[in-house]
Amino acid sequence: DGCGHTVLGPESGTLASINYPRTSPNSTVCEWEIRVKPGQRVQLKFGDFDIDDSDSCHSSYLRVHNGIGPNRTEIGKYCGFGFQMDGLITSKSNEVTVQFMSGIHTSGRGFLAAYSTTDKSDLITCLDNASHFSEPEFNKYCPAGCVIPFADISGTIPHGYRDSSSLCMAGVHAGVVSNTLGGQIDVVISKGIPYYEGSLANNVTSKVGPLSTSLFTFKTSGCYGTLGMESGVIPDSHITSSSILEWPNQSGQVNIWKPENARLKRIGPPWAAFISDEHQWLQIDLNKEKKVTGIITTGSTLAEHYYYVSAYRILYSDDAQKWTVYREPGMGKDKIFQGNTELYQEVRNNFIPPIIARFFRINPLKWHQKIAMKVELLGCQFSIGRAPKITLPPPPQNKNDKKNADFMDDFIHSMKTSLQTDKTTFTPEIKNTTVTPSVTKDVALAAVLVPVLVMVFTTLILILVCAWHWRNRKKKTEGTYDLPYWDRAGWWKGMKQFFPTKSAEHEETPVRYSSSEISHLRPREVPTMLQTQSAEYAQPLVGGIVGTLHQRSTFKPEEGKEASYADLDPYSSPIQEVYHAYAEPLPVTGPEYATPIIMDMSSHPSTPLGAPSISTFKAAGNQAPPLVGTCNKLLSRTDSASSARALYDIPKGQPGPGSADQLVYQVPQSVAHPTVSKDE
């Protein structure tokens, strides 16, 4: 009655005292008989040893014997608190007896030990974790039975496991080793992560874990990819079932939970059986033989339908006629896989060794309310050669040979399922013997040249990109409309003609031009001079039919108003010898602007619209203005608030256009006129 956690495998196992790691009860005893294959020996390793030694190992102790039964011989008797046994206890045969005796005591956890055959020199126990080893990579052998309730792991694949996790228990969770068989693990230590996820896989629950300084992962063969249920590579026609659930909802619409709905992560209802019993199945055709290493299942994933499968079997076949139930090697019973515990969580189970077949069936054995599930198969293409055909003995001739026939069936099943068992954690080394040495050298040379060429082309591309970026950046610094520095002087001279006249502070000493200089120019030279020296002239004279001076006038414009152009061309003249479109510069002593004149239209006859208008400008001194042409009447208000009017008489000479010397203005006469208000 003193036996605790115990798993005795054909090559390795784990055993512990009752209540471990708590204090073992008084007056208990347990005896384990360990057998391995003939010709091999047993080695025993203690992970923890804490037995009361107050009476010098008289009533509480652990004793190890060579052999089993009355002919066994004692190897050693052990007790003590925190006893450290660094070495291994090795037997002389393939059989060992371990006896634990617990007397009257007040403390002591008992013990936990692991065993294996002597060819596993790197044996560890279920209590070892990554922090016990300083190497960044190492290879160890995990015994069977490391799924223990008193050990914890945090993390999952492929992200890794927290360094405080049990190495062997994490190996079972990752699907690297089997809990009933044990196996070899290749461990890689790396930097820790802030958060470790939890999941359920291979009957091991991984808990959520906090930040750690390091983590570990496992090297595997890499044959853990999805085989097409979720992605749709497996067509709907290749997914069949024993029955289909059909039922109408409240609106009368019929819901059909077909087998093709059993795709993992597919939105909507799952596959569900019409009858919930142990004879239902979901079948998947992979189209050809593949190496299947695991399966992932979920429940219905519908909150209103809390259905899931909690336990199931796996059957496989090559022709969908003869089916084989999956068993672990050396086990005489079918493997029962733990399914889901609720409808959402994904639960993974691995096949160790993997299954090589085309057809797979999932046979639910336990469920919640109804059989409903979604699945995905894990594995890869089967490329490793099959095992050689086994020559069967002739069929039994009588009843005495029935026992031999059953033995042969078990042997064949064991051979098929154990195919490539020792290669599930290693990538097979495949050598190509057809490659000649010269080809090998060329391959090695290409492996060196290709990266170099890639680096050279990458460098050239980066240089071109940088040059283009620098060129665009330089353009942006010059401005969107800037010209290169060698063209800016000419551009300034060309644009100068479009500038307005000089500001008021620079017009105190204007440049004067005589009319004689202008008269010597040919008609076509005038516009050229006016364009090149336009900034030195006053604004052009503007005449028009309109009665305001707000358009193209030499008068000073009112504040806040912009000058514009009249609709009619005021510069047309019958005399083409001299074309002067600008007024003569103003005198230095005189006012900067001509004085606007308001004419009393009541004392003059109205002039037809097409008649030539009378010039109202006064020339400086006695010199006549150089302009010859028709002018329109100009009517404007003066800046003064006075209502007095100034009236100029018609120039002497002929009223029509004439020579420049004949245009002489008379002295204006002051005429008193009554004040008349006009609305503009």
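**Exercise 1. Which residue lies over the face of Phe337, and at what distance from the ring centre?**

Solution. The model is predicted, so its thresholds come first. Local features of this predicted model need pLDDT of at least 70 and side-chain atom pairs count only at pLDDT 80 or more, while totals for chains, interfaces and linings use all residues. Residues are numbered from 1 along each chain as its sequence is written, and side-chain values use heavy atoms, with hydrogens and water left out.

Step 1. The criterion for a charge over a ring is that NZ of Lys or CZ of Arg is within 6 Å of the ring centre and within 35 degrees of the ring normal.

Step 2. Lys335 lies over the face of Phe337, 5.6 Å from the ring centre.

Step 3. A further case is Lys77, whose charged end sits over the ring of Tyr61 at 4.2 Å from the centre.

**Exercise 2. Describe the protein chain as a whole.**

Solution. Step 1. Helices (H or I, at least four residues) and strands (E, at least two) are DSSP runs, numbered from the N terminus. The protein chain has six helices and 27 strands.

Step 2. A residue is buried under 20% relative accessible area, exposed over 50%, and partly exposed in between (1.4 Å probe, protein chains only). Of the 680 residues, 38% count as buried.

Step 3. Contact means heavy atoms within 4.5 Å. Among the contacts with a separation of 6 or more, 75% come from residues 24 or more positions apart.

**Exercise 3. Characterise the surroundings of Arg63.**

Solution. Step 1. Arg63 is located in strand E5, residues 61-66.

Step 2. Apart from neighbours within four places in sequence, Arg63 is in contact with Glu74, Gly76, Lys77, Thr97, Val98 and Gln99.

Step 3. The side chains of Arg63 and Glu74 are joined by a polar contact of 3.2 Å. Such a contact is a pair of N or O atoms within 3.5 Å; within protein, one must be able to donate a hydrogen and the other to accept it, and residues adjacent in sequence count only if both atoms are side-chain atoms.

**Exercise 4. Establish how strand E13 pairs with E10 and E16.**

Solution. Step 1. Two strands pair if DSSP finds at least two bridges between them.

Step 2. Strand E10 (residues 137-142) pairs with E13 (residues 183-191) in the antiparallel sense over six bridges. In this pairing, Lys140 stands opposite Ile185 of E13.

Step 3. E13 also pairs in the antiparallel sense with strand E16 (residues 214-218), over five bridges. Here the bridge partner of Ser190 is Leu215 in E16.

**Exercise 5. Classify two aromatic pairs.**

Solution. Step 1. Rings of Phe, Tyr and Trp (its six-membered ring) pair if their centres lie within 6.5 Å; planes under 30 degrees apart count as stacked, over 60 as edge-to-face and the rest as tilted. This rule gives 16 aromatic pairs.

Step 2. The ring centres of Trp247 and Trp257 are 6.0 Å apart and the planes stand at 75°, so the pair is edge-to-face. Because Trp247 lies in strand E19 (residues 245-248) and Trp257 in strand E20 (residues 254-257), the pair ties together parts 10 residues apart in sequence.

Step 3. Trp247 is partly exposed at 25% relative accessibility, whereas Trp257 is buried at 3%.

Step 4. Phe337 and Phe351 also form an edge-to-face pair, with 5.5 Å between centres and 80° between planes. Since Phe337 lies in strand E25 (residues 337-338) and Phe351 in strand E26 (residues 347-368), this pair ties together parts 14 residues apart in sequence. Both Phe337 and Phe351 are buried.

Step 5. Ring pairs also link Trp32, Phe46, Phe49, Phe100 and Phe111 into a cluster.

**Exercise 6. Analyse salt bridges that involve strand E3.**

Solution. Step 1. A salt bridge is a side-chain nitrogen of Lys or Arg within 4 Å of a carboxyl oxygen of Asp or Glu. The count comes to 17 salt bridges.

Step 2. Glu31 and Arg72 form a salt bridge whose closest N and O atoms are 3.4 Å apart. Glu31 lies in strand E3 (residues 28-35) and Arg72 in the loop between E5 and strand E6 (73-78), 41 residues apart.

Step 3. Glu31 is partly exposed at 36% relative accessible area, and Arg72 is partly exposed at 26%.

Step 4. Glu95 and Arg35 meet in a salt bridge of 3.4 Å, N to O. This pair links strand E8 (residues 95-102), which holds Glu95, to strand E3, which holds Arg35, across 60 residues.

Step 5. Glu95 is partly exposed at 24%, and Arg35 is partly exposed at 46%.
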